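Here's a quick tour for anyone opening this one for the first time. Take a look at the whole chain, then read on.

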Amino acid sequence: MKQSYFELIDQTYYFPQPGFDIENGNLYFNNVSLKHMIDKYGTPLKISYLPRIGEQIKRVKNLFSKSIKANGYKGKYNYCYCTKSSHFSFIIKEVLKYGVSLETSSSYDLDIILKLHEEGLITKNIKLVQNGHKTDGYLQKIAQLHNAGFKNLIVVLDSLHELDRLLPLIESGTIQVGIRMAIDEEPQSAYYTSRMGIRPADVMNFYKEKIADNPKVKLRMLHYFVDSGIKDTLYYWGLFQKGLNLYVELKKQCESLSAFNIGGGLPIRNNLGFEYDYNYIINEIVRNIKDTCTSEGIDDPDIFTEFGRYTVGESGAIIFKTLEVKQQNDAELWYIIDNSLMTTIPDSWSIFEKFILLPVNNWDKEYSKVNIGGITCDHSDYYNTEDLNQQVFLPKIKNADEEPLYMGFFHTGAYQDSISGYGGLKHCLIPAPKHVVIERDENGLLRDYLFKDEQKVEDMLRILGFLDK
Ligand SMILES: Cc1ncc(COP(=O)(O)O)c(C=O)c1O
């Protein structure tokens, strides 16, 4: 007897599972009937389910407080939301309900901070970590915030030159800085050392020459970020210890240093079989810092994290309808959907990231191996492998008009909008460059004109929902 799609999932995974359930043969996402959403709004359809964000933040905050207590840890924990993972106004406003700090990565990001302050959603006491490469514009906005009385900025220096460019802009008082330690990439990477941050071998000298005796600046934080994520591997713990050793070395010279920032990288569920022991990992982070600091005789630092994907990833979903079913050879069955995977979940083709894929309806139908294709003309616009599988299964339909099939890609809430350029957004809010057109005039001579100026901050704020018009 042929198995139904439901039986396949039920036998392969623990199902239903948090966030996913079936009622009357239709899929519910966080108790929301997707069929109802489709009937109401049609497809293709993006969904941001905001309550998930608070659940994520609360879980990690609780695990850190539990570990801090269990290990007799003396420092505090600061949950920073990495805004670049999703800058939408409704996301940042939701995140702020849970008492988090913010980590920014570019100049326009700080316009968002000014806007939030203008709307009374943050005060000048909020902790703000400024990460990323510091353009002149970014440095000017940092100085603007400092000069306006934002007390808890921590400017994480990404290179040996940023401090010299920042200090002339600071009108009075002392500015707190951090240093980002450049990490060694994973062995399979195309290069060895990250371009982000300062080489560990240069950090001590830089501190002694530029910070130690400078009354305008105080070193508060050491930061590093392993972009392949926080994993229980030798590679991850090796870098973690390297960061910690540098922290100890610096702390022995620098009284004001009191924060250790391990960046982002906490994973989310990208398949139904996902297993990750958040409790264990967080306890290991706290325990290792505690052990090292105790044996070196230094105070436990405040721990900062900058979780982006973890905070918003699981709040997002995108729903498509199958437009056409095409059997292209004996083995290859295509479901053509009513949009593009390349332009809605760009990580799926650019870095082969996988998301949870589930049908919304037809769970009682027999299943089939399928390829999912977008309607762009690009051959890369397809999805046919899952994280744990070299194939994708969905309910089998023969005719998309007679048997409508809807499907959703889930946990797509982080990075996909900025990378795909949703409405004109850009990754890290780095504006589109000005655009000059060069053409030949009637006499055959070249002439040029400015087609579009550089993208303005107002353009971005409008797309993100911070400005009405
Ligand atoms: C400096 C820094 N911190 C935090 C993050 C967030 O990482 P994730 O979304 O994996 O938590 C990033 C992402 O690129 C980053 O560059």
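## The annotated stretch

Residues 69-312 are 38% helix and 16% strand, and the C-alpha atoms at the two ends sit 27 Å apart. Helices here are DSSP runs of H or I with at least four residues, and strands are E runs of at least two, numbered from the N terminus. An unreviewed UniProt entry labels this span "domain: Orn/DAP/Arg decarboxylase 2 N-terminal"; such annotations may be inferred rather than shown by experiment.

A word on the model: it's predicted, so local features need pLDDT of at least 70 and side-chain atom pairs need 80 or more, while totals for chains, interfaces and linings use all residues. Numbering starts from 1 along each chain, and side-chain values use heavy atoms, leaving out hydrogens and water.

## Three domains

An automatic or database assignment splits the chain into domain 1 (5-42 + 315-413), domain 2 (51-308) and domain 3 (428-464). The C-alpha centres of domains 2 and 3 are 35 Å apart. Even so, ten residues of domain 2 touch twelve of domain 3, with contact meaning heavy atoms within 4.5 Å.

## Around the ligand

The ligand has 14 residues around it, with Lys84, Gly265, Glu306, Arg309 and Tyr415 the closest; a residue counts if a heavy atom lies within 4 Å. By type, that shell holds four nonpolar, five polar and five charged residues, with Gly counted as polar and Tyr as nonpolar.

Ligand oxygen atoms make polar contacts (N or O pairs within 3.5 Å). One lies 2.5 Å from a polar side-chain atom of Tyr415. Backbone polar atoms come in too: 2.8 Å for Gly265, and 2.8 Å for Arg309. On its own the ligand exposes 390 Å², of which the protein buries 88% (Shrake-Rupley areas, 1.4 Å probe).

Key
Polar contact = N/O pair within 3.5 Å; in protein donor to acceptor, adjacent residues only side chain to side chain.
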